[in-house]
Amino acid sequence: ALELAQELAEELWGAGLPGDLPELEPECRSLLAAFAEGSAALTGCLGRRARPVRLCQGCHGHYRRLLAQYGSITRAVGNSSESHNCAKSILTSDRLQIVVTLSEFFNETWEAANCANCLKNNSEGLSNSTEEFLDLFNRSLICFEHNLQGQAIDLSPSNYTEVCKNCNETYTMLNDLYNHLQRMNRQGGESGHSAHLCIDVEDAMNITRKLWSRTFNCSLPCSDTVPVIAVSSFILFLPIVFYLSSFLHSKQKKRILILPKRIQSNASLVNIQEKYS
Amino acid sequence: MANVAKKVSWSGRDRDDDEDGRAGETTPLLNGTGPGAAGSARQLTPSSFLRIGQLSNVDLNEDIHELETELPRQRPNEIPHNEKLLSLKYESLDYDNSENQLFLEEERRINHAAFRTVEIKRWVICAMIGILTGLVACFIDIVVENLAGLKYRVVKDNIDKFTAKGGLSFSLLLWATLNASVVMVGSVIVAFIEPVAAGSGIPQIKCYLNGVKIPHVVRLKTLVIKVCGVILSVVGGLAVGKEGPMIHSGSVIAAGISQGRSTSLKRDFKIFEYFRRDTEKRDFVSAGAAAGVSAAFGAPVGGVLFSLEEGASFWNQFLTWRIFFASMISTFTLNSVLSVYHGNAWDLSSPGLINFGRFDSEKMEYTIQEIPIFIFMGVVGGILGALFNALNYWLTMFRIRYIHRPCLQVVEAMLVAAVTATVGFVMIYYSRDCQPIQGSSVAYPLQLFCADGEYNSMATAFFNTPEKSVVNLFHDPPGSYNPMTLGMFTLVYFFLACWTYGLTVSAGVFIPSLLIGAAWGRLFGISLSYLTKGSIWADPGKYALMGAAAQLGGIVRMTLSLTVIMMEATGNVTYGFPIMLVLMTAKIVGDYFVEGLYDMHIQLQSVPFLHWEAPVTSHSLTAREVMSTPVTCLRRIERVGTVVDILSDTSSNHNGFPVVESNPDTTQVAGLRGLILRSQLIVLLKHKVFVERANLNLVQRRLKLKDFRDAYPRFPPIQSIHVSQDERECMIDLSEFMNPSPYTVPQEASLPRVFKLFRALGLRHLVVVDNRNEVVGMVTRKDLARYRLGKEGLEELSLAQT
């Protein structure tokens with residue numbers, strides 16, 4: 001691209017046009033190159049860590065660097081003349097504005113993933129609660145793996161009782177911690193984040209829960225159908241009793257007819273009856 | 001020969017008859033049983049006209065007595081309540097100004113500038129109505145949100161706890177008991193303190209705007225009970241909404257502010273005294289109703305059109321503009337206060353109590369080929385609405401006949417609340433429809449038997465306030481509900497809502513209707529996309545909206561205002577056309593079976609409601625056959641004793657009395673001179689405006705219009721006014737206070753003509769005179785309202801004491 005621009009510049013020069021050609025200042029060019037490299041690195045990081053989601057843990061450094069690079073572009077002022085600073089020539093001088101688009105894309109992704117939620121306030125590294133959660137998560141995974149290895153010989157799907165029994169404690173702790181984090185997050189909702197936790201934590205929890213209740217079938221709530229049916233049919237039975245008893249025992253409300261004071265009420269009745277026929 | 005002016009008592013009847021040569025002929029005529037009456041129905045000789053005029057001045061009490069002794073049915077006739085009755089409890093409002101001398105004097109005194117201040121005051125009042133209605137709506141919304149949130153959290157924690165350990169029947173009991181006890185409080189205050197606050201209040205306001213005075217309907221006490229009752233019944237988990245009652249609340253606020261005082265609190269702020277009469281009050285009440293609609297749905301134009309639709313016979317352009325102003329202020333107040341409450345001030349994102357959410361995304365757009373489908377949905381909505389109304393009709397009839405004691409009503413409401421909770425619980429319990437939790441879109445995700453990280457999707461419909469459920473049905477992404485869940489929900493909720501409407505709690509039917517419709521509409525949309533192999537245009541949210549409109553239209557049968565309300569609530573003008581088509585179809589189909597829910601309830605309450613026009617086949621009826629006769633007349637200068645006797649006569653609770661010329665001794669025919677109201681007479685008696693006292697200079701000052709206004713609207717009963725024996729012999733001069741130019745019609749006027757005059761001018765009394773200007777009869781609201789077009793033709797309703 002650089003060569004092309006130079007070619008173009010030379011062509012224009014040949015055509016006798018003035019010298020201030022659309023060529024970037026060297027400082028600006030280096031800024032742009034840094035941004036391009038940074039975004040390539042971030043893209044690679046995001047792609048590699050898409051499944052299972054580890055975006056926030058792995059890519060926050062890249063993201064922070066990219067932010068800094070973009071910031072230096074917007075702040076940079078070229079030294080040649082006021083009308084040709086880097087920000088203007090890189091960010092706003094064409095229709096496509098690819099640098100802005102890229103930067104917006106990364107910002108939006110970061111926002112949607114809600115990574116700020118599990119990073120420290122200055123975005124350097126994971127927050128303590130997140131560390132704790134991930135630690136617990138790893139422990140549960142290890143526990144699952146450990147217990148599954150023991151019974152890998154018989155592969156009947158319903159036979160996961162061992163896992164359920166042994167890992168119940170870790171799983172419950174993990175689940176409780178997650179719920180706690182969620183509640184904390186909702187209370188501190190005014191800090192600007194939405195009610196979501198960051199995507200890493202959410203995804204980790206989802207995987208564990210799916211394993212636990214779908215694959216291992218560990219969460220079997222005790223169903224007490226009989227008492228529920230008994231209580232509900234009792235309550236549903238009450239209105240029938242009520243309506244029947246009020247129908248049988250309550251005195252029906254009677255209305256007292258008032259005779260209208262009219263002449264020839266017969267005549268008008270006849271009138272009406274005529275219309276009936 | 002006796003004349004109209006002569007006041008004849010039963011004891012003096014013989015003499016009267018002696019003087020009159022045709023005594024034998026006339027008595028049966030009065031009763032309507034004699035051959036003369038039936039025979040001479042059409043061709044009355046002048047003498048019999050005269051005779052009627054004569055009888056009109058026979059003391060009424062005696063007259064009824066005579067009637068009863070002569071008729072075979074001597075005992076009061078008792079029948080079970082049915083829909084073909086008119087209750088005596090309801091009276092008309094005086095929309096026609098009494099243009100007596102006092103009024104004319106006052107109007108003459110007010111100059112141009114003063115009229116301008118009156119006009120400014122009107123605007124100020126409208127602004128205050130808007131602001132206060134908006135604030136009341138905010139209050140309801142915030143309290144409901146917090147209390148319901150508390151309740152659902154308690155129940156959810158309980159269910160979560162017992163799901164793990166077992167013993168879910170306790171959670172069921174807890175939920176049912178919580179609901180029942182909250183509803184009990186709500187029902188007790190309504191049943192024992194102010195029964196008129198029951199229901200949505202829209203029928204009552206409709207009646208008020210129609211010109212019927214429903215006792216207590218616009219009192220402050222009613223407002224307080226209404227607001228508390230709505231909060232409690234929504235928190236109690238009944239299948240109800242808080243939108244309908246806002247209309248009633250707005251009306252009460254309007255009536256209260258425009259009077260500048262509260263009789264309940266015994267406070268008079270001495271402002272807005274000019275507006276203390278029915279005409280002005282009605283204008284403000286229509287503004288209040290509009291403000292209520294606007295606050296409920298965030299639909300200011302819909303509110304104006306609602307008032308227009310319900311009270312349009314008394315309408316003018318300036319009033320419309322003022323009402324629009326009140327509406328706008330109301331929704332803006334609600335919006336700004338709720339925005340501040342939700343923490344994003346200046347955002348203005350909650351214009352109504354219910355927000356349908358945004359309907360402007362691309363997949364929500366409709367195409368032309370969908371319109372026949374929408375119309376079909378309208379048909380379904382009409383049929384379901386008619387079914388709803390028919391079921392509710394039977395239920396209401398049963399309630400009026402058998403469940404009329406307040407304690408029974410409270411027990412019924414509690415039972416409904418408990419059953420609603422139970423049914424919801426059972427549905428959730430047996431539902432196997434689990435959906436993954438996505439962020440915080442579900443307010444109270446109930447896991448129950450679902451896998452960890454999932455929630456029971458039946459619970460989003462039942463375990464939530466109905467408003468939220470409606471919005472969820474509109475906006476949840478496709479696939480959030482499986483068809484089985486929706487089908488069961490529609491079925492159950494339909495019967496619950498039908499059972500709930502008409503309980504002695506204050507609650508509206510808008511939201512339950514929308515919810516039923518949204519549920520089956522969504523189901524319809526889902527099945528459509530199955531049929532078309534998942535075409536993109538079949539977004540279930542759009543069909544949920546159309547279903548909601550169809551169902552609501554099928555139940556309440558409002559047309560213009562409902563279209564605009566729905567359009568404004570969705571915030572999408574392009575939906576106007578399909579919504580209009582859907583509502584039209586629903587109304588046409590529904591009207592084929594039964595009438596709308598509100599009209600049905602008005603009829604069941606035996607309210608003398610005047611429809612737009614007289615029944616179509618009533619042209620052959622004339623004023624003669626419609627009017628009540630004989631009429632209790634007063635002479636221009638009347639003995640106080642007679643006035644007191646007439647007023648305290650319990651059997652004839654008349655409110656307007658024609659005033660006739662007062663020369664007792666002449667045999668000349670005396671014509672109609674004016675009309676005086678009971679309220680005016682009572683004020684006169686209270687201030688003892690007697691001729692003798694005036695002559696003795698005992699009267700301190702002349703009575704002014706202010707004295708009548710101060711007594712408005714609760715005039716003391718006649719029993720509270722003491723008139724001594726001496727004073728009974730005094731005379732009272734009515735000529736200054738009566739309305740000297742009452743509206744009259746000749747006897748030959750047809751019923752539609754009388755009806756038109758009565759309805760268009762909002763009259764309360766219409767005097768029927770003969771060609772000599774003698775009073776022959778009186779047409780009141782009940783005389784006109786009793787003719788109704790039934791299934792087989794014209795029917796006549798009977799009057800009853802209720």
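# A tour of the domain contacts in chains B and A

Start by selecting B:Lys206 and B:Asp599: these two form a salt bridge, with their closest N and O atoms 3.2 Å apart. Keep in mind as you click around that this is a predicted model. Why might two such side chains pair up? Side chains of opposite charge can do so when their charged atoms come close.

**Stop 1: the domains of chain B**

Now colour chain B by domain. Its domain assignment gives domain 1 as 121-147 + 199-342, domain 2 as 362-405 + 465-604, and domain 3 as 623-800. Stay with domain 1 and domain 2 of chain B for a while. Taken over C-alpha atoms, their centres are separated by 25 Å.

Next, show the residues where these two domains of chain B meet. You should pick up 30 residues of domain 1 in contact with 26 residues of domain 2. How big is an interface like this? Its size is often given as the accessible area lost when the parts come together. For domain 1 and domain 2 of chain B, about 2400 Å² is buried between them, with 67% of it on carbon and sulfur atoms.

Which three residues should you highlight on the domain 1 side? Try B:Ala239, B:Phe297 and B:Glu309: they supply 23% of the area that domain 1 of chain B buries against domain 2 of chain B, more than any other three residues.

**Stop 2: what crosses that interface**

Switch on the polar links between domain 1 and domain 2 of chain B. The rule finds two salt bridges across this interface, along with 13 residue pairs in polar contact (both at pLDDT 80 or more).

Then select the helices on the domain 1 side. The elements giving two or more residues to the side that touches domain 2 of chain B are α9 (202-210), α10 (220-235), α11 (244-259), α12 (278-297) and α13 (300-311) of chain B. Which of them gives the most? That's α13(B), with seven residues. Colour this side of domain 1 of chain B by class and you get 16 nonpolar, eight polar and six charged residues.

**Stop 3: over to chain A**

Hide chain B and bring up chain A, which is divided into domain 1 (24-113) and domain 2 (128-187 + 194-215). Eight residues from domain 1 of chain A and eight residues from domain 2 of chain A take part in the contact. Together the two domains of chain A bury about 640 Å² between them, 53% of it on carbon and sulfur atoms.

Pick out A:Val53, A:Gln57 and A:Ala113 here. This trio supplies 57% of the area that domain 1 of chain A buries against domain 2 of chain A, more than any other three residues.

How many salt bridges cross the interface of domain 1 and domain 2 of chain A? The rule finds one. Between these domains of chain A the count of residue pairs in polar contact is six (both at pLDDT 80 or more). On the side of domain 1 of chain A that touches domain 2, the largest share, three residues, comes from α3(A). By class, that side has five nonpolar, one polar and two charged residues.

**Stop 4: two pairs in chain A**

Select A:Asp203 and A:Arg51, whose side chains meet in a salt bridge (3.1 Å, N to O). The pair links distant parts of the chain: A:Asp203 is in helix α8 (residues 199-215) of chain A, A:Arg51 is in the loop between α2 and α3 of chain A, and they are 152 residues apart.

Finish with A:Cys45 and A:Cys59, which form a disulfide with their sulfur atoms 2.0 Å apart. The torsion about their S-S bond is about -95°, so the disulfide is left-handed. A:Cys45 lies in helix α2 (residues 26-48) of chain A and A:Cys59 in helix α3 (residues 55-75) of chain A. A search of the whole structure finds one disulfide over all chains.

Conventions. Residues are numbered from 1 along each chain as its sequence is written. Chains are lettered from A and ligands numbered from 1 in the order in which they are written. This is a predicted model: local features need pLDDT of at least 70, side-chain atom pairs count only at pLDDT 80 or more; totals for chains, interfaces and linings use all residues. Side-chain values use heavy atoms; hydrogens and water are left out. Domain bounds come from an automatic or database domain assignment. Contact means heavy atoms within 4.5 Å. Buried area is the accessible area (1.4 Å probe) that two parts lose on being put together, summed over both. A salt bridge is a side-chain nitrogen of Lys or Arg within 4 Å of a carboxyl oxygen of Asp or Glu. A polar contact is a pair of N or O atoms within 3.5 Å; within protein, one must be able to donate a hydrogen and the other to accept it, and residues adjacent in sequence count only if both atoms are side-chain atoms. Helices (H or I, at least four residues) and strands (E, at least two) are DSSP runs, numbered from the N terminus. Ala, Val, Leu, Ile, Met, Phe, Trp, Tyr, Cys and Pro count as nonpolar, Asp, Glu, Lys and Arg as charged, and the others, Gly among them, as polar. A disulfide is a pair of cysteine sulfur atoms within 2.5 Å.
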